[in-house]
Amino acid sequence: MALSRALSFYRSFSTVPSQSLRVCIVGSGPAGFYTADKILKAHEGAEVDIVDRLPTPFGLVRSGVAPDHPETKVVTNQFSRVAQNGHCSFIGNVSLGSSISLAELRELYDAVVLSYGAESDQALGIPGEELAGIYAAREFVWWYNGHPDCRNLAPDLKSSDTAVIIGQGNVALDVARILLRPTAELATTDISCHALAALGESSIRKVYLVGRRGPAQAAFTAKELREVLRIKDLSIEIRQEDLSKTPADEEELKNNRIKRRIHELLSKAATPATSICSPGQKELHFVFFRKPDRFLESDCRNGYIAGLRMERTILKEDVGSGKQIAVGTGLFAEMECGLVLKSVGYKSIPVDGLPFDHHKGVVPNVQGRVLSEAYGDAQVEKGLYVCGWLKRGPTGIIATNLYCAEETQVASISEDVLRGAVTSRSGLSKPGREGLLQLLDSRNVKVVTFGGWEKIDNEEKRRGSLKNKPREKLTTWQDLLEVATK
């Protein structure tokens, strides 16, 4: 009944003469903004609305990029210019699935592009994963970056001197760097004040980066590795036998210059076995050829993490892919720790009415056109597109989304517009922004415009200037909405 009433609401706009393409993009991260930019340039007079569940735009640039990487955040200047285009609107504090449904958006717009990324995490699926003190790396990143959903995470950094990070990608290195870098250096970044205070009182001085495979297969980049290796007075610990290369490793490295460079950096950084850490010196341990088997509960703190049992692995060639994969050897060892951060992959979340491939964690699509189902005789869903991590999985850097947006917009949306597969055959325009705003108003949704975001931006910069920081982020929903709507 609710949907039928909403459909009647939309049809009240159906007498408006056809004027332009009306597109709604769900998700205001890099994929969303790059797509909006491409559409505005390709379709004169197009009206593009970027919807986001947060009151703040820019997605992972604001919530995912490390605070000590300000150069990566400069891209928000480009995104701001897109949002300030007279044919583009940012509509924040609107949640797909609760504020409005996908079916309703499709009725309102000629085309809907989903680019809301991945806001959940892959599970390890091992015993003890529910223990307190175990977090997804995404949650920890959101915590120190001031995301309102993780404002109250409050990880315990005092009860133990040891943290374990499971995974060896760039996010894992980011997290390790934040735990180990001197807080005096972080104090001049846009790190959230609650995280800076907690890190200033942290007892963590040993961080273990655990990976199933070896140095030749590490997933982080040379740039990220160099940055963590430059931390002052940090001891780098790597077992010398783990750095040995097999003929298969040699072959793998021969064909990949970046991987060769990473292996060289690790080999040079390893602290000689004869050296001894000075008292209080922080340590970063690269632990290769280990996979977590189970988490161990504390004997004195019921329900809390106390350690990790790991299984030794060896590499074997996977016949299907030709890659070396890790397999268990049946040899186990235990390690004590008080904090575990799982950096084993992000996961996208489906919404009602959206086809979803749960195995791959993506929306089934062909060049960004959403398919009606993941397998079998799937049909293209008219006017529904996907971009970014939701399209290809959580891989790549920010710029990867530019190429992804080009494919979705240029190869698919533009082509569909030219052959009349997007706009209404009746020649009448869909309600678009006007219909969306009226519907949200009827549901008492407090929309945050780009002007509202600029109020947040100015207030954060004002607070930051008092502390010699680029900004002091507002980190609660209440504060964000209060500033945005005043």
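Leaving out neighbours within four places in sequence, Cys88 touches Leu40, Val48, Ile50, Val82, Ala83 and Arg433. Keep in mind that this is a predicted model. Cys88 itself belongs to strand 3, which covers residues 88-91. With a relative accessible area of 5%, Cys88 is buried. For a sense of distance, take Val351: this residue is 263 places along the chain from Cys88, and the two C-alpha atoms are 25 Å apart.

**Cysteines**

If you're wondering about crosslinks, the disulfide count is 0. Cys24 is in no disulfide, and the nearest cysteine sulfur to its own belongs to Cys88, 11 Å away. Like many a residue you might want to look up in the viewer, Cys24 has a burial value to go with it: a relative accessible area of 0%, which makes it buried.

What about Cys300, and how far is its sulfur from the closest cysteine sulfur? The partner to check is Cys337, and the gap is 13 Å, so the sulfurs are too far apart for a bond. A disulfide is a covalent bond between the sulfur atoms of two cysteines. Cys300 is exposed, at 73% relative accessible area.

**Salt bridges**

Now for the charged side chains. Side chains of opposite charge can pair when their charged atoms come close. Across the whole structure, 44 salt bridges turn up. Here are three of them, with the distance between the closest N and O atoms.

| Acidic residue | Basic residue | N to O distance |
|---|---|---|
| Glu104 | Arg443 | 2.7 Å |
| Asp457 | Lys461 | 3.3 Å |
| Asp242 | Arg239 | 3.8 Å |

Start with Glu104 and Arg443, which form a salt bridge with a closest N and O distance of 2.7 Å. This pair ties together distant parts of the chain, 339 residues apart: Glu104 sits in helix 5 (residues 102-108), while Arg443 is in the loop between helix 15 (432-442) and helix 16. Glu104 is buried at 6% relative accessible area, whereas Arg443 is partly exposed at 34%.

The Asp242 and Arg239 pair also joins a buried residue to a partly exposed one: Asp242 has a relative accessible area of 1%, and Arg239 has 40%.

Why are Lys461 and Asp457 about one helical turn apart? Both are in helix 16, and they are separated by about one turn because they lie 4 residues apart there. Lys461 is partly exposed at 40% relative accessible area, and Asp457 counts as buried at 13%.

Salt bridges also form a network, made up of Asp68, Asp174, Arg177, Arg181, Glu185, Glu224, Glu227 and Lys232.

**The second largest pocket**

Lys461 and Asp457 come up again at the second largest pocket. Its lining has 23 residues, and those nearest the centre are Lys73, Thr76, Asp457, Lys461 and Arg471. So which salt bridge should you look for there? The side chains of Lys461 and Asp457 meet in one, at 3.3 Å from N to O.

The space in this pocket is about 480 Å³. Which helices each supply at least two residues of its lining? They are helix 3 (60-63), helix 4 (75-83) and helix 16 (450-465). Helix 16 gives the largest share, with 6 residues. Sorted by class, the lining is made of 8 nonpolar, 7 polar and 8 charged residues.

Technical notes
Residues are numbered from 1 along each chain as its sequence is written. This is a predicted model: local features need pLDDT of at least 70, side-chain atom pairs count only at pLDDT 80 or more; totals for chains, interfaces and linings use all residues. Side-chain values use heavy atoms; hydrogens and water are left out. Buried means under 20% relative accessible area, exposed over 50%, partly exposed in between (1.4 Å probe, protein chains only). Contact means heavy atoms within 4.5 Å. A disulfide is a pair of cysteine sulfur atoms within 2.5 Å. On a 1 Å grid over the protein atoms alone, a cavity is a set of points where a 1.4 Å probe fits but cannot get out, and a pocket is an open set with protein on both sides within 12 Å along at least five of seven lines; lining residues have an atom within 4 Å of a point. Grid points are joined across faces, edges and corners, and a volume is the space filled by probe spheres set on the points. Ala, Val, Leu, Ile, Met, Phe, Trp, Tyr, Cys and Pro count as nonpolar, Asp, Glu, Lys and Arg as charged, and the others, Gly among them, as polar. A salt bridge is a side-chain nitrogen of Lys or Arg within 4 Å of a carboxyl oxygen of Asp or Glu.
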